[in-house]
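Me: Take one part of this model and go through it closely, contact by contact. Then carry the account on to the other elements and single residues that can be described in the same way.

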Amino acid sequence: MCEISVIIPVFNAEKYLKHLLDSLIHQTFGFEKMEVIMIDDCSTDKSKEVMERYAKKYKNIKAIYLKENHHVAGTARNVGMKEATGKYYMFADADDFFTENACKMMYDAIEEKNADFITANYINTDENGTLWNKPIFDQEKYKDFKLSIKDFKKSFFILNSSACNKIFRASFVKEKKIQFLEGVPAEDAFFTTSCFIQSKKVYYLKEVMYCYRQRNKDKKTNSVSFSLSRDYFRRINIAYRAIYENFRDHKQIAFYRYTYAKNMSYMLYKFIDSKALTDEERIDVMKEMRWFYELSEKLRVPACQMAQSMIVNKIIKEDYEEALNYCKIVADIRNFLPKEIREDMSRPDAAMYQKIEKYNEEYEEEN
């Protein structure tokens, strides 16, 4: 048994995998106390050659090759956890990398706090691995603290969906039988929120531990992402239902309402921006995801903007043709906007979360 098992799904990552593996080999924690498990999801480039080279050189690096391509990382991560012998799990995407003190700082924290998992600050990098100027979370504003599922502000903001800037106690994950969803996107959001819902001790560390590479092309082509196709929306619908039902079944809908606000805005603009859907497919997607948009009324979570509200209301009323027309108008407008503005539109702002907070008491009285 080792101290930390690092699990890495791999798909067409030959250009970046060496950087990640080297960042683990040179950890101040001591590489001899770790194991690295790489799971190749039928890569078509030379990723396997990189994996084999490192696996032959280091006895604590293991290469596993899946026989079928699963398109998303959930299956690979679950396979990795089955093979892992570590006291703790860490995860990485094959095109990212760790800071040199990441494993030591997270290991020391989870041991000291006796936590179920630790989540840490992270930073974006350029294609070539150059760090951006500022980490994701402001280190002056957000100090180290204990998260709480009753905290709908700071804890919600800090708890990002990724599994990669975290360390998990393996015994906790096994006891709660928590796994990644398979065959769908948002598999890490399901895993992370499942851990949070069932945990007793979770802590945040303000220091940057993980480096998230922003690819020149759409991010994460190696991490088995989907185009915004009909199949993508079918799969994300499955994932979002699983996440909602998980919160519901554990009676944590109050926290989920904030998660829902973020997901609703994000998903609606993904749908609007998609250029891979026919009109007929768009209507099919709206019908399938009507349950999701109905939650806006059920959970008293209003849409972020007037345009969103109009579309959501039409979907709820099953007026799909009119909803489709509204989507086309918004899509035309967004085509002329800079990327930064489009991304800002896709995220709820502080005013949106204040509205949800305002409706908290009314929602609780109704339920």
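Reply: In this predicted model, the axes of helix H11 (residues 290–298) and helix H12 (residues 306–316) come within 9 Å and cross at roughly 115°. The crossing of H11 with H12 is left-handed. On the H11 side, the residues that meet H12 are Arg290, Tyr293, Glu294, Ser296 and Glu297. On the H12 side, the partners are Val312, Ile315 and Ile316. Sorted by type, the residues of this H11–H12 contact are 4 nonpolar, 1 polar and 3 charged.

H11 also packs against helix H8 (230–249). There the angle is about 35° and the axes are 10 Å apart. H8 brings Asn237, Tyr240, Arg241 and Tyr244 to this contact, while H11 brings Trp291, Phe292, Leu295 and Lys298. The H8–H11 contact divides into 5 nonpolar, 1 polar and 2 charged residues.

Which residues of H11 are buried? They are Trp291, Phe292, Tyr293, Leu295 and Ser296. Trp291, Phe292 and Leu295 are among the residues that touch H8, and Tyr293 and Ser296 are among those that meet H12. A general point about helices helps in reading such lists: an α-helix has 3.6 residues a turn, so residues three or four places apart point the same way. The buried residues of H11 pack against H8, helix H9 (253–273), helix H10 (279–288) and H12. After H11 comes arginine 300, which has a positive phi near 55°.

On the far side of H12, glutamate 318 sits in the loop that leads to helix H13 (320–334). Glutamate 318 counts as partly exposed because its relative accessibility is 49%, a value between the limits of 20% and 50%. Its C-alpha atom is 8.5 Å from that of methionine 286, although 32 residues separate the two along the chain.

The strands can be followed in the same way, starting with strand E4 (residues 88–91). Tyr88 and Met90 point one way from E4, and Tyr89 and Phe91 point the other way. This fits the general rule that in a regular strand the side chains alternate between the two faces of the sheet. All four of these E4 residues are buried. E4 pairs with strand E1 (residues 4–10) in the parallel sense over 4 bridges, and isoleucine 7 stands opposite phenylalanine 91 of E4. E4 is also joined to strand E8 (residues 166–169), by 3 bridges and in the antiparallel sense. In that pair, tyrosine 89 has phenylalanine 168 of E8 as its bridge partner.

Phenylalanine 168 is also the bridge partner of phenylalanine 117, in the antiparallel pairing of strand E6 (residues 117–125) with E8, which has 3 bridges. How many of the residues of E6 are buried? The number is 9 of 9. E6 further runs parallel to strand E9 (residues 202–213), joined to it by 9 bridges. Here isoleucine 123 is partnered by cysteine 211 in E9.

Tyr89 and Phe168 appear again in the surroundings of valine 173, a residue of helix H6 (residues 170–175). Beyond its neighbours within four places in sequence, valine 173 is in contact with Met81, Tyr89, Phe168, Ile178, Phe191 and Cys195. Valine 173 counts as buried because its relative accessibility is 3%, and the cut-off is under 20%. The C-alpha atoms of valine 173 and proline 185 are 20 Å apart, with a spacing of 12 residues along the chain.

Serine 47 belongs to helix H2 (residues 47–57). Is serine 47 buried or exposed? It counts as buried because its relative accessibility is 0%. A polar atom of its side chain lies 2.7 Å from the backbone nitrogen of alanine 13, and one lies 3.1 Å from the backbone nitrogen of glutamate 14. Leaving aside neighbours within four places in sequence, serine 47 contacts Val10, Asn12, Ala13, Glu14, Leu17 and Asp40.

Lysine 67 is in the loop between strand E3 (61–65) and helix H3 (74–83). Its relative accessibility is 83%, which is why lysine 67 counts as exposed. Its C-alpha atom is 19 Å from that of alanine 94, 27 residues away along the chain.

Key. Residues numbered from 1 in each chain as written. Predicted model: local features only at pLDDT ≥ 70, side-chain atom pairs only at ≥ 80, totals over all residues. Heavy atoms only, no water. Helix = DSSP H or I, 4+ residues; strand = E, 2+ residues; numbered from the N terminus. Buried < 20%, exposed > 50% of the residue type's maximum accessible area, 1.4 Å probe, protein only. Polar contact = N/O pair within 3.5 Å; in protein donor to acceptor, adjacent residues only side chain to side chain. Contact = heavy atoms within 4.5 Å. Axes fitted to C-alpha atoms, helices over the stretch in contact; angles between N-to-C directions. Left-handed = near helix turned anticlockwise from the far one by under 90°. Nonpolar A, V, L, I, M, F, W, Y, C, P; charged D, E, K, R; others polar. Pairing = 2+ DSSP bridges.
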